[in-house]
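Please look over the chain below before reading on. The briefing takes its fold, its cores and a few selected residues in turn.

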Amino acid sequence: MQKLRNIGFILLGAFAGVLVSLNFQAIAERRPALPIEELRAFTEVFGAIKTNYVEPVEDKKLITEAINGMLTGLDPHSSYLDAEAFKELQVGTQGQFGGLGIEVGMEDGFVKVISPIEDTPAFRAGIKPGDLIIKLDDTPVKGMSLNDAVKRMRGKPNTQITLTISRKGESAPLVVTLTRAVIRVQSVKSKVIEPGYGWIRVSQFQAATAENLVKHLDNLYKQGQLKGLVLDLRNDPGGLLHGAVAISSAFLPPKALVVSTDGRAEDSRKKFYASPEDYARRGDDVLRNLPAAVKSVPMVVLVNGGSASASEIVAGALQDHKRAKVIGTQTFGKGSVQTIMPLGNNTAIKLTTARYYTPSGRSIQALGITPDIMVEDPADTVIRVREADLQRHLENSMAKDQPAPRVKPAAPTPAPSEMKPTEMGSKDDFQLQQALAFLKGEPVKSHSPTVAQSDAPKAKPTN
């Protein structure tokens, strides 16, 4: 089916995806009237295939593919999850799943790499955003659905798979052999980058991310009072909505509005505040032990084109409340909410049910968050795929009222030996060093006008 081969939705690792997910919920009992004429056409096609197709086809396969087509024809993020995919999604939100560790989509019938996940086989092998996977072992990818391609890339740990990759700027395909592994994503990392200044990185919003954030912040403050903090959300593809609300709540005043959602169904129209009622799972307030100084420490949020969905919620909330300066480059622009609706037989659908809005009412759908200070990473020469590039992406009716995003111009692709992943948090991390300079009241090097010292935040005195 051509439509299935052309789908452009994104999957994180195996199936998790660049998404904001509401809590799992059952499909409502409301049943719309069925279109009789269209269903008659469907049964005629079904019968023709069963009778005349060159090979026998199981009923289950035909129905499954019909459901798949119905969902993937809507937008890039709605999809059908069979039992295996549903299980993988549930496991993935807990921070562990099997595979190669790549975030992928589909373009022109090939698997397109959106981003490798840090500390995974794909990352270590040098897989790059924008790479097109054209063969899996000896099997051409052209003609496969994205689900089928992902299933082939998954497998038992310590088994190998060979990827044939087409990379822009290379005259011949690259052949890379990867060893599958159990992917355990450590969603929070931190360190003191120099006395008085902390760096904390969130790479994905999982079920335990807020709890881990508290532990890392507590450890930072045990090493001394902070004069400035960098929250690094670069290449964070998103995850769970309650995780984004919790991370925002860690730095915002109690009861501050974090994000609102709006859709057709009544239960999709909600407001989420910096309150345990909106971020705590099982009634446990994971933020109760936060160091008190976290609420007032001067902050920078680092973002880039790989910051999507839940990470954009956090950046937008802290930006709108003027709690932090956002530094980096334009974000991905994923402004829709997906709800996981379980079906029978341990399957589910992932359905786009709402758009989300920042506290000031901004929709970032297909636009993204524009940083307060644009700072390019000179080592980042990748031309990134954004939400607006995906087929059938939701339009943004507010786009005409918002300034056009400032997007990095295309840069020549260096030779493979020059394309080394940036080690985030290192002394060579240019964007982090500029964030640190801003917090210290020093000039910031960027393509935007240099920021004067008087524009930088001043640390509040502590008792």
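A polar contact here is a pair of N or O atoms within 3.5 Å; within protein, one must be able to donate a hydrogen and the other to accept it. By that measure, the side chain of glutamate 312 reaches the backbone nitrogen of lysine 334 at 3.0 Å. The model is predicted. The chain has 463 residues, and 52% of them count as buried.

**Overall build**
- Eleven helices and 22 strands make up the secondary structure of the chain.
- Among contacts with a separation of 6 or more, 72% join residues 24 or more positions apart.
- About 21,700 Å² of the chain surface is accessible, and carbon and sulfur atoms account for 52% of that area.

**Nonpolar cores**
- In soluble globular proteins, nonpolar side chains tend to be buried together.
- The largest nonpolar core holds 50 residues. Those touching the most other members are Leu217, Leu229, Leu231, Phe251, Val301 and Leu318.
- Several elements each supply at least two residues of this core. The helices are α7 (209-222), α8 (241-251) and α10 (310-320). The strands are β13 (197-202), β14 (228-232), β16 (257-262), β18 (299-303) and β21 (348-357).
- Helix α8 gives the most to this core, with seven residues.
- Setting aside residues up to four places away in sequence, leucine 217 touches Ile200, Leu229, Phe251, Leu290, Pro291 and Val294.
- A second, separate core has 21 residues, including Leu100, Met106, Met144 and Val150.

**Glutamate 312: buried or exposed?**
- Glutamate 312 is part of helix α10. This residue counts as buried because its relative accessibility is 1%, and the cut-off for buried is under 20%.
- Its side chain also reaches the backbone nitrogen of glycine 333, at 2.6 Å.
- Not counting residues up to four places away in sequence, glutamate 312 touches nine residues by name: Ser307, Thr331, Phe332, Gly333, Lys334, Tyr356, Ile364, Gly368 and Ile369.
- Glycine 238 is 74 residues from glutamate 312 in sequence, and the two C-alpha atoms are 8.0 Å apart in space.

**Two buried threonines**
- Threonine 339 belongs to strand β20 (residues 336-342). It is buried, with a relative accessible area of 1%.
- The side chains of threonine 339 and threonine 353 make a polar contact at 2.8 Å.
- Threonine 120 is in the loop between β6 (110-116) and α5 (121-124). This loop residue counts as buried, at 2% relative accessibility.
- A polar atom of the threonine 120 side chain lies 3.2 Å from the backbone oxygen of glycine 101.
- Leaving aside neighbours within four places in sequence, threonine 120 is in contact with Leu100, Gly101 and Ile183.

**Helix α11**
- How many of the ten residues of helix α11 (residues 430-439) are buried? Eight are, so the helix is largely enclosed by the rest of the structure.
- The buried residues are Gln431, Leu432, Gln434, Ala435, Leu436, Ala437, Phe438 and Leu439.
- These buried residues pack against β12 (188-194), β13, β14, β18, β19 (325-328) and β22 (373-374).
- Glycine 441, just after α11, takes a positive phi of about 80°.

**Positive phi in a loop**
- Most residues other than glycine have a negative phi.
- Asparagine 345 has a positive phi of about 60° although it is not a glycine. Asparagine 346 also has a positive phi, near 60°.
- Asparagine 345 sits in the loop between β20 and β21. Asparagine 346 lies in the loop between β20 and β21 as well.
- Asparagine 345 counts as exposed, at 72% relative accessibility. Asparagine 346 counts as exposed too, at 60%.

**Charges over rings**
- The charged end of lysine 142 sits over the ring of phenylalanine 110, 4.9 Å from its centre.
- Lysine 191 lies over the face of tryptophan 199, at 5.9 Å from the ring centre.

Conventions. Residues are numbered from 1 along each chain as its sequence is written. This is a predicted model: local features need pLDDT of at least 70, side-chain atom pairs count only at pLDDT 80 or more; totals for chains, interfaces and linings use all residues. Side-chain values use heavy atoms; hydrogens and water are left out. A charge sits over a ring if NZ of Lys or CZ of Arg is within 6 Å of the ring centre and within 35 degrees of the ring normal. A nonpolar core is a set of buried Ala, Val, Leu, Ile, Met, Phe, Trp, Tyr and Cys residues joined through side-chain atoms within 4.5 Å. Buried means under 20% relative accessible area, exposed over 50%, partly exposed in between (1.4 Å probe, protein chains only). Helices (H or I, at least four residues) and strands (E, at least two) are DSSP runs, numbered from the N terminus. Contact means heavy atoms within 4.5 Å. Accessible areas come from the Shrake-Rupley method with a 1.4 Å probe; for residues, only the protein chains shown count as cover.
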